[in-house]
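Here's a quick tour of the model you're about to load. We'll go from the ligand to a sheet and then to a ring pair.

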Amino acid sequence: MKITIIGTGYVGLVSGACFSEFGFHVTCVDKDSSKVERLKNGEIPIYEPGLDDLVARNAAAGRLDFTLDLASSVRDADAVFIAVGTPARRGDGHADLSYVYAAAKEIAGHLTGYTVVVTKSTVPVGTGRKVAAILHETNPGADVDVASNPEFLREGSAISDFMRPDRVVVGTDSERAHDVMRGLYRPLYLLETPILFTSLETSELIKYAANAFLAVKISYINQMADLCEKLGADVHDVAKGMGLDKRIGSKFLHPGPGYGGSCFPKDTLALVKTAEDCGGSISIVEEVVRYNNGRKISMSDRVIDAAGGTVEGKKVAILGLAFKPETDDMRDSPALDIIPRLMAAGAGISAYDPAAMEQARPLLPEGVSYCTSAAEAVSSADVTVIVTEWNEFRAMSPADMAGAMRGNVLVDLRNIYDPAAVMKAGLNLSNIGRSQQV
Ligand code: NAD
């Protein structure tokens with residue numbers, strides 16, 4: 001079978017490379033000519049561990065190629081995946097489906113033979129039916145069915161998530177599309193991966209239901225952390241005590257500065273809008289959206305408090321810019337809330353991230369000093385703030401940090417350091433939801 005993927009971003013590129021690793025011939029299409037050019041030259045435009053080897057191997061084997069030419073790649077395809085962005089629409093927070101519908105329209109005119117058009121983008125309920133309508137209106141003679149196949153991969157571990165997922169979800173009403181999708185995921189079926197076939201609407205909702213649930217879980221432990229700080233309890237022990245209960249599980253119980261990234265913020269908002277549109281409300285998720293936005297903003301106050309009430313004229317080292325480790329994705333990263341507010345309060349910022357420096361620059365205010373290492377960033381800093389828990393930062397010794405800094409304030413928003421070691425090094429520690437007593 002031949003597969004075409006429209007949109008070669010974090011999801012499209014990983015999905016394309018992994019399907020080619022399964023043995024299918026995959027063509028990845030993007031309208032960004034510089035991205036396609038880089039990929040053709042063997043360069044990977046995003047930071048994702050292991051992706052360079054996977055792409056190189058499959059491109060060399062002739063199973064994976066990249067093009068700007070949507071028309072010719074769609075013509076031969078058995079399945080066309082739409083993997084374009086669905087950001088929050090400016091102004092109202094609904095998912096912006098303009099890229100999805102534009103892609104559907106472009107695909108429609110070039111369909112030949114039986115084709116399944118699959119939405120892999122995260123899209124609200126009803127989008128698959130609209131895509132089907134666009135395909136049939138634009139090309140009434142097309143022999144085409146639609147399917148929904150939401151993607152659950154996580155940036156930073158995207159390849160193993162795609163190759164060994166907890167489950168695959170496919171929504172379609174068509175027997176023929178069902179058979180094509182089963183064929184595409186056959187390599188995972190052989191590994192006994194659960195493959196859940198549902199209606200289009202159910203499949204679309206599963207993705208939002210899952211992401212919103214995880215966002216609720218993160219916000220729950222963040223609120224527990226707030227409470228721990230007031231009560232002198234330790235949120236890590238609370239999380240452990242909760243997580244050992246198999247009904248709860250230990251994942252997504254790590255307190256921090258609030259969730260960011262390319263999915264949770266926009267998907268929680270879109271789910272709230274979906275509920276409103278059908279005359280309902282999903283008040284738990286509404287509250288999580290409100291709380292998380294406030295939490296990210298409040299992290300700059302936490303830094304200012306830790307610095308003794310002001311950062312005016314102080315040098316603040318920011319370690320970590322990406323929304324999580326092992327990615328260069330800056331979308332809705334807490335750093336984008338924290339840094340501008342600290343600068344507005346008079347701080348000078350020296351920032352370092354192992355992968356996201358290039359992506360961060362256009363999103364942060366003028367005047368940030370970008371460093372080439374963590375050591376350079378903390379050198380003569382008054383305050384150091386851990387925003388992203390890269391392993392590189394975990395490995396830093398608090399004693400070395402204390403020796404390099406001018407001041408002695410460490411704000412650990414990811415709780416990566418042992419409080420006893422930090423205090424032994426002579427640093428004043430502010431962390432999340434842990435008693436400062438050791
Ligand atoms: P992205 O912004 O990294 O990539 C989207 C790509 O689509 C861009 O390269 C853009 O140039 C291209 N594009 C847009 N319109 C096009 C068109 N008409 N023809 C060809 N190319 C086109 O987005 P992403 O992070 O890969 O996310 C894609 C979808 O997958 C979103 O709906 C997202 O919610 C969902 N998703 C993302 C993740 C993640 O971790 N990033 C995980 C699961 C699901």
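## Around the ligand

How many residues surround the ligand, and which are the closest? There are 25 of them, and the closest are Val11, Asp30, Lys35, Thr86 and Lys266; a residue counts if one of its heavy atoms lies within 4 Å of the ligand. Keep in mind that this is a predicted model: local features need pLDDT of at least 70, side-chain atom pairs count only at pLDDT 80 or more, and totals for chains, interfaces and linings use all residues. Residues are numbered from 1 along each chain as its sequence is written, and side-chain values use heavy atoms, with hydrogens and water left out.

Oxygen atoms of the ligand pick up several polar contacts (N or O atom pairs within 3.5 Å). A polar side-chain atom of Asp30 sits 2.6 Å from a ligand oxygen, and a side-chain N or O atom of Thr86 is also 2.6 Å from one. Val11 joins in through its backbone, with an N or O atom 2.8 Å from an oxygen of the ligand. On its own the ligand has 830 Å² of accessible area, and the protein covers 90% of that (Shrake-Rupley, 1.4 Å probe).

## Between two domains

Domain 1 (2–196) and domain 2 (199–438) both give residues to the shell, so the ligand lies between them; the bounds come from an automatic or database domain assignment.

## The open sheet

Six strands, in the order 11-10-9-12-13-14, make an open sheet with parallel pairing. Strands here are DSSP E runs of at least two residues, numbered from the N terminus, and two of them pair if DSSP finds at least two bridges between them. Strand 11 (369–370) and strand 14 (428–431) are at the edges with a single partner strand each, so one side of each has no neighbour in the sheet.

Strand 12 (residues 383–386) and strand 13 (residues 409–412) pair in the parallel sense over four bridges. Val385 has Val411 in strand 13 as its bridge partner.

## Aromatic pairs

Searching the whole structure turns up ten aromatic pairs, meaning Phe, Tyr or Trp (six-membered) rings with centres within 6.5 Å. One of them is Phe19 with Phe81, 5.2 Å centre to centre and 40° between the planes, which makes it tilted (under 30 degrees is stacked, over 60 edge-to-face, the rest tilted). Phe19 is in helix 1 (residues 10–21) and Phe81 in strand 4 (residues 79–82), 62 residues apart; a helix is a DSSP H or I run of at least four residues.

How values were computed. Polar contact = N/O pair within 3.5 Å; in protein donor to acceptor, adjacent residues only side chain to side chain.
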